[in-house]
Amino acid sequence: MEKLIKNLLNKSVSAVKTILTRSVIIELDRIPYQINNMPYKKIFNWILVNVSELLKTETPWGYPTYVQIEPTTFCNLKCHMCPVTIGMNRSKEHLDFSVYKNFIDEVGDYLFAIVLWDWGEPFLNPKIFDIISYATQKNIKVVTSTNGHFLNINNNADKIIQSGLDSIVIALDGIIQDTYEQFRTGGQLEKVIEGISTLVERKKALNSKTPFITIRTVAMRQNESEIPEIKMKAASLGVDAFSIKSFDYFYSSESKNLKSDFLPENERLWRWILDDKGLPLRREKNPCNALWVTPRIHSNGCVCPCWMDKEENHPLGNLKNMKFRDIWLGEKYRELRKEFRKDWTKNELCCDCTYAYEGGSCTGETIVEVIFFNK
């Protein structure tokens, strides 16, 4: 109760400040973003959603403030342990722009940000620039992540900048090809570096403040010795930031198996805090707020509770034939929220999610380090 009261007080102070200034700083993967000139409609929705999340109401008091949207399930690479490589029991397709547009028209007035990735390479969607610009024109922050192989073709660097994209994360998981391709199977390191250089150069040439460019390395046993060199390379390329993300080696409470060929030697780079038996230390309380704040929308229009439901074992509805409001306030969503509040360990998604373990919160703990070059 004491923690709840403290959270309410902190959020109340933040809410008052936002109301007075009509601006707020949000953080995604430990990168801050300033949102200015917010309409009061968006501000008061944000306040109501935050309160309903704190109280864990079965029905949220507002629309989501963040959403993760999957542009496509197609990818040009075969990264180890990625569901796209291993195989997902759902069809491969691109997000239909009309489905996306209808969703933004319905909910866009309330959204702070869109995280534009999930499983697949976003820039393979032929409508990706329309998808980005339709949101940015409505003062919605848009962040995407890419393997970097499409930055230097078809004038894409200029298109990215002109779309208004706020932030782009580019994967660079090695400083030499042999290391890089151990995880990014089928990838070409030099092509990625050339693409980054082009994007940085065009951003300067067009005198654009966006996108904020981050090079990200997923820390693995194969590349951990190269991280200092990757960091120096990032600085020399002129990007805005470099970040290190802990590797999700898909721990399962069923297998109790932590052994992985990709687990770094350096414990600082591990995702989870381990107990005296060498197993991830389970939280008493799961801090996830996805059921109240952040839905996931797959490329086929399916709305899912979170990123863990990659196979759509818990579909909540589909935007191809339903309004988002009917899904968000529907019985399936309410039952999930009720179950989470009562005993989150009963749900297979919540039980095995990284949020369930100390050190695994996707709100920032999974990012080991961020270095800003252009403050």
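The following paragraphs lead from the overall form of this predicted model to its nonpolar core and then to selected residues.

The protein contains 13 helices and 12 strands. Its radius of gyration is 20 Å, close to the 21 Å that the globule rule gives for 375 residues, so the protein is as compact as a globular protein of that length. Along the principal axes, the C-alpha atoms occupy a box of roughly 55 × 50 × 40 Å. Of the 375 residues, 55% count as buried. The contact pattern can be described in terms of sequence separation: among contacts between residues at least 6 apart in sequence, 71% join residues at least 24 apart.

The surface and the charges complete this general view. About 17,200 Å² of the protein is exposed, and carbon and sulfur atoms supply 50% of that area. The side chains include 49 positive and 47 negative ones, and the centres of these two sets lie 6 Å apart.

Within the interior, the largest nonpolar core comprises 107 residues. The members that touch the most other members are Ile 69, Tyr 100, Phe 103, Ile 114, Ile 168 and Ile 196. Ile 196 may serve as an example of the contacts made by one of these residues. When neighbours within four places in sequence are left aside, Ile 196 is in contact with Leu 151, Ile 170, Ile 215, Leu 237 and Val 239.

The N-terminal strands offer a second point of entry. Ile 25 belongs to strand β1, and Pro 32 to strand β2. With a relative accessible area of 58%, Ile 25 is exposed, because the threshold for that class is over 50%. Pro 32, at 45% relative accessibility, counts as partly exposed. The two residues touch each other: apart from neighbours up to four places away in sequence, Pro 32 contacts Ile 25, Ile 26, Glu 27 and Phe 372, while Ile 25, with its neighbours within four places likewise left aside, is in contact with Pro 32, Tyr 33 and Gln 34. Between Ile 25 and Ser 167, which are 142 residues apart in sequence, the C-alpha to C-alpha distance is 14 Å.

Asp 29 lies in the loop between β1 (24–28) and β2 (31–35). Is this loop residue buried or exposed? At 15% relative accessibility, Asp 29 counts as buried, because the class extends to values under 20%. Its contacts beyond four places in sequence are with Trp 117, Arg 216, Cys 362, Ile 367 and Val 370. Asp 29 and Glu 369 are 340 residues apart along the chain, and their C-alpha atoms are separated by 10.0 Å.

Thr 179 provides an example from a helix, being found in α7 (residues 177–183). Its relative accessibility of 7% places Thr 179 among the buried residues. Residues up to four places away in sequence not being counted, Thr 179 touches Asp 173, Gly 174, Gln 222, Asn 223 and Glu 226. Gln 222, one of these partners, also allows a comparison of sequence and space with Asn 321: the two are 99 residues apart along the chain, and their C-alpha atoms are separated by 45 Å. Asn 321 itself lies in the loop between β11 (317–318) and α11 (324–328), where its relative accessibility of 64% makes it count as exposed.

Several loops also carry backbone features that merit inspection. The peptide bond from Thr 210 to Pro 211 is cis, with omega near 0°. Pro 211 is found in the loop between α8 (189–205) and β7 (212–219). Asn 155, although not a glycine, has a positive phi of about 60°; Asn 155 lies in the loop between β5 (141–146) and α6 (156–162). Glu 312 likewise has a positive phi of about 60° without being a glycine, and is located in the loop between β10 (302–304) and β11. At 18% relative accessibility, Glu 312 counts as buried, because the limit for that class is under 20%.

Technical notes. Residues numbered from 1 in each chain as written. Predicted model: local features only at pLDDT ≥ 70, side-chain atom pairs only at ≥ 80, totals over all residues. Heavy atoms only, no water. Core = buried A, V, L, I, M, F, W, Y, C linked by side-chain atoms within 4.5 Å. Buried < 20%, exposed > 50% of the residue type's maximum accessible area, 1.4 Å probe, protein only. Contact = heavy atoms within 4.5 Å. Helix = DSSP H or I, 4+ residues; strand = E, 2+ residues; numbered from the N terminus. Rg over C-alpha atoms; globule rule 2.2 N^0.38 Å. Areas by Shrake-Rupley, 256 points an atom, 1.4 Å probe, with all protein chains shown as cover. Lys, Arg positive; Asp, Glu negative; His and termini not counted. Charge placed at Lys NZ, Arg CZ, Asp CG, Glu CD.
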